[in-house]
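Work through the exercises below with the sequence and the 3D view at hand. Try each task before reading its solution.

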Amino acid sequence: MAKSKSYQNNLIESLKDPTEAAEYLNAALEDGEPEVFLLALRDVVDSFGGMGKLAASTSLNRENLYRMLSTKGNPEFFSLSTVLNAVGFRLAVEPKTAALSKTKSGVSKLVLHANMTQVKEPVAKYALAADSESRTKSAISLRTSDDNEVGTLDFDYSEGALILQVTGDIPVKRIQEAEIQTRDGKILSGEVSQEGTNRLVLLRKTKIFPKDISQITLVMAG
């Protein structure tokens, strides 16, 4: 019992950080069960100062707040929005594709996974006569953790560059750096440059084949 109480105290303390609290609420929301989100919101309210402080800063009385933020609670939109506003948050809708994660320092990151199923593109488009092996290679698709395809990966022999051809919904102009993880455990990183509307150069002067890449993490500005 003491361990549970200690855990709750540590949780409430961590939720005083707005970034931690936002991630906690979003995780509860993704669970899909209303009562899970309401109980998570109650934890955030406790970190804010409790029901008494919340009641004093809203038009809702304490009894109604306790009832609303319970497993049987069914708050109206206005009441839920009022509570979130009081503790420093708001309701928002974000695109499901290309979901970004934020570090504690506020840096946004997008993790992409290389799909070894080759994209059905004409081989000639990616082949270069100077390298016979490349004639049988086509671009490798990149997908987000929730399986949305956002682009294709290729190596440009003429430029000696690893290229991401963006086909999905990702914030191209915000991408600054790329961290490339190979299947044998190596980590390569470099600044990202944009060439054209949807062509990103992830790495230059490093010969690395798309088939050897397992994961790419894109670091965003802002």
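**Exercise 1.** In this predicted model, find the strand that holds Val219, and decide whether Val219 is buried or exposed.

Solution. Val219 belongs to strand 10, which covers residues 213-220. Its relative accessible area is 16%. Buried means under 20%, so Val219 is buried. The C-alpha atom of Val219 lies 4.7 Å from that of Lys109, although the two residues are 110 residues apart along the chain.

**Exercise 2.** Describe how strand 3 and strand 4 pair.

Solution. Start with the ranges: strand 3 spans residues 140-143 and strand 4 spans residues 149-156. The two strands run in the antiparallel sense and share four bridges. One of the bridge partners to look up is Thr152 in strand 4, which is matched with Ser141. Five residues separate the two strands, which form a hairpin. In the turn, Asp147 has a positive phi of about 70°.

**Exercise 3.** Classify the ring pair of Tyr157 and Phe209 as stacked, edge-to-face or tilted.

Solution. The count of aromatic pairs is three. For Tyr157 and Phe209, the ring centres are 6.3 Å apart and the planes meet at 45°. Stacked needs under 30 degrees and edge-to-face over 60, so this pair is tilted. The pair links distant parts of the chain, 52 residues apart: Tyr157 is in the loop between strand 4 and strand 5, and Phe209 is in the loop between strand 9 and strand 10. Together with Phe155, Tyr157 and Phe209 make up one aromatic cluster. Tyr157 is partly exposed, because its relative accessibility is 21%.

How values were computed. Residues numbered from 1 in each chain as written. Predicted model: local features only at pLDDT ≥ 70, side-chain atom pairs only at ≥ 80, totals over all residues. Heavy atoms only, no water. Buried < 20%, exposed > 50% of the residue type's maximum accessible area, 1.4 Å probe, protein only. Pairing = 2+ DSSP bridges. Phe/Tyr/Trp six-rings, centres within 6.5 Å; stacked < 30°, edge-to-face > 60°.
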